[in-house]
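Dear colleague,

Please find below the structure that I promised to hand over. My notes on its salt bridges follow, and I would ask you to read them with the structure open.

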Amino acid sequence: MTGVSRSSDNHSRSYGSSRDTSALSPQKTQADRSGRQPPSSDVAGARPSAQTPTGFSNVSAFTPAGQRTSTGSLTFGARGEEVRALQDQLRTAGFDPGASDGIFGQRTDRALRDFQASKGLEVDGIAGRRTFAALSGVDGMDPNAPAAGGVNGTARLNGQPEGVGMTTGSITVNGNTYQFNSGGANAYSVPQGTYRVTAHRDSRSDPGFVRDGVGYSFLMEDPNRPGSDKMYDARAGRDREWLRIHPDGRNPGTEGCIGIVGDAETQRQFRADLNAELQRNGGVYTLRVE
């Protein structure tokens, strides 16, 4: 749901909740949390400490070598084998952090936030106890395989805010289940209901509709108003427009659309699965959002 011009469907930047810190730069977030600016030098030579049960020592680059942060977490700017292991686990879960170079940079931060959003965790860019626990639960997954479970033709929300705000969920098409984000700090999430899904653009490159070089979008319509981009949302008390299914191409969240989470292979597989459903069903696919 973009609410902007039909020709571009551009989305503005949106984030998970008023509690998350994704609207701030990672460096500013760390400074705010600690009450001081981080030092300019990294501690790439920090000595490894004893591993935690999850396999991470959680050494931060903003603490002296060999010491842990007060929360035992990894965050932007950290370096070392713990970060490399985090990057490997994010990739295994289907979220691309870039090269496993042991440096917690922008791509690792984005992948971590996307993973947190897909699991309904606080989207804060901090790899702490809950995030490590969630990551350990996906060990051994094929990085390009969709999640298991779900009812075909159904998008299940993990919760729908009464007002604006991001929610997460899972959508099952062609027998495969994928994670998605919807809504943002200044946007409503996708409304519950039944929709007609039809083809829109099989390839696109505009910001907000592309993830790791893969872009596409599908239309979602009110079945009682075919051919219209409008549907009524009781939460807003008015019609809303421009509902799409597309990659979640910005920081976590959309302007009301269903934004598919995952790397390039995940995006290609979802696009192929939904196109297969459209071909099988005469170009119209029924999707229930509940």
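A residue is called buried when its relative accessible area is under 20%, exposed when that area is over 50%, and partly exposed in between. With a relative accessible area of 25%, R110 is therefore partly exposed. Please bear in mind that the model is predicted.

To begin with the protein as a whole, it has five helices and twelve strands. Of its 290 residues, 51% are buried. The accessible surface comes to about 12500 Å², and carbon and sulfur atoms account for 47% of this area. Among contacts between residues at least 6 apart in sequence, 59% join residues that are at least 24 apart.

The search for salt bridges covered the whole structure and found 16 of them. Three pairs are described here.

The first topic is R110, whose side chain meets that of D212 in a salt bridge, with an N to O distance of 3.1 Å. This pair links distant parts of the chain, 102 residues apart: R110 is in helix α3, while D212 is in the loop between β5 (210–211) and β6 (214–215). D212 has a relative accessible area of 27%, so this residue also counts as partly exposed. Both residues belong to a network of salt bridges that links R110, D114, R211 and D212.

Helix α3 (residues 106–118) also holds both R113 and D109, which lie four residues apart, about one turn of the helix. These two residues form a salt bridge in which the closest N and O atoms are 2.9 Å apart. Are they buried or exposed? R113 has a relative accessibility of 4%, which is under 20%, so R113 counts as buried. D109 counts as buried because its relative accessibility is 7%.

The remaining pair is R244 and D229, whose side chains meet in a salt bridge at 3.0 Å, N to O. R244 lies in strand β10 (residues 244–247) and D229 in the loop between β7 (217–221) and β8 (230–233), so the salt bridge ties together parts that are 15 residues apart in sequence. R244 and D229 are both buried.

In brief, the pair R113 and D109 lies within helix α3, whereas the pair D212 and R110 links distant parts of the chain.

With kind regards

How values were computed
Residues numbered from 1 in each chain as written. Predicted model: local features only at pLDDT ≥ 70, side-chain atom pairs only at ≥ 80, totals over all residues. Heavy atoms only, no water. Salt bridge = Lys/Arg side-chain N within 4 Å of Asp/Glu carboxyl O. Helix = DSSP H or I, 4+ residues; strand = E, 2+ residues; numbered from the N terminus. Buried < 20%, exposed > 50% of the residue type's maximum accessible area, 1.4 Å probe, protein only. Contact = heavy atoms within 4.5 Å. Areas by Shrake-Rupley, 256 points an atom, 1.4 Å probe, with all protein chains shown as cover.
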